[in-house]
Amino acid sequence: MSLKALIFDVDGTLAETEELHRAAFNQAFSEAGIDWFWTEDDYEKLLKVTGGKERILAHAKAIGAENIDPTPLHLRKTALYNDLLRAGALPLRPGVEGLIRHARTAGLKLAIATTTSRENIHTLLDVSFGPDARSWFSAICTGEDVTLKKPDPEVYQIALERLGLPASACMAFEDTRNGILAARGAGLDVVVTPSRYSAAEDFSGALAVIPTLESHHLKSEQSLAPLAFLLA
Ligand SMILES: [Mg+2]
């Protein structure tokens, strides 16, 4: 079946958001008077746990601090993260904007399949593309829409359902092992652009692994011919 839709992960794929997430977590801990500070090394390990609240719980469990309530911490962290995003410090990754604009011109549908929150993705789309951008996406499926986060395929299954398309008509874009497993679990081909925190992961199962979504990388892979066609 020919390509009819592109489905994007957000964190690490559209933008290198993880350093902003880490800064927001650390600020939320500090404001709450909790003596935690997640270094880059800590965060690389914690990123194996998908979902911010789940990440706080995993850390609490690991250090025997299970009395900590993750809910208010995670709410505050999300507010701080959105403030940082709105401050405009975070560009999209190279090639993302071009691919999305070319896909729209070619009449492809677009969707988001992420474990991050709806508020976070709306802010990122607003600051990156302007307020109309939310309407460019036929489906924005987030952590709030699922009972099981990636690597479970649920978020991709919901995206396909909302797009009204079979997996064979869509392509997913991810930056992590968990993302590959989720996309493949829903039957999707997945293109991986490794990110700052995922560079050392196992990307087997991906259709292609390329440094960025810039057109010269997309055109360099035979398996990505349907995407190169968009950019022609
Ligand atoms: Mg990601």
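Contact here means heavy atoms within 4.5 Å. The model is predicted, so local features need pLDDT of at least 70 and side-chain atom pairs count only at pLDDT 80 or more, while totals for chains, interfaces and linings use all residues. Residues are numbered from 1 along each chain as its sequence is written, and side-chain values use heavy atoms, with hydrogens and water left out.

**Exercise 1.** Let's place His-122: is it buried or exposed, and which residues does it touch?

*Solution.*
- Step 1: His-122 has a relative accessible area of 19% and is buried (buried is under 20% relative accessible area, exposed over 50%, partly exposed in between; 1.4 Å probe, protein chains only).
- Step 2: Leaving out residues up to four places away in sequence, His-122 touches Arg-134 and Ile-140.
- Step 3: With Arg-134, the side chain of His-122 makes a polar contact of 3.4 Å (a pair of N or O atoms within 3.5 Å; within protein, one must be able to donate a hydrogen and the other to accept it, and residues adjacent in sequence count only if both atoms are side-chain atoms).

**Exercise 2.** Now find which residues coordinate the magnesium ion.

*Solution.*
- Step 1: Asp-9 (OD), Asp-11 (O) and Asp-175 (OD) coordinate the magnesium ion at 2.1 to 2.2 Å (donors are N, O and S atoms within 2.8 Å of the metal, or 3.2 Å for Na, K and Ca; water is not among the atoms, so sites may look incomplete).
- Step 2: The sequence spacing of these donor residues is D-x1-D-x163-D.
- Step 3: Asp-9 is buried at 5% relative accessibility, and Asp-11 is buried with a relative accessible area of 13%.
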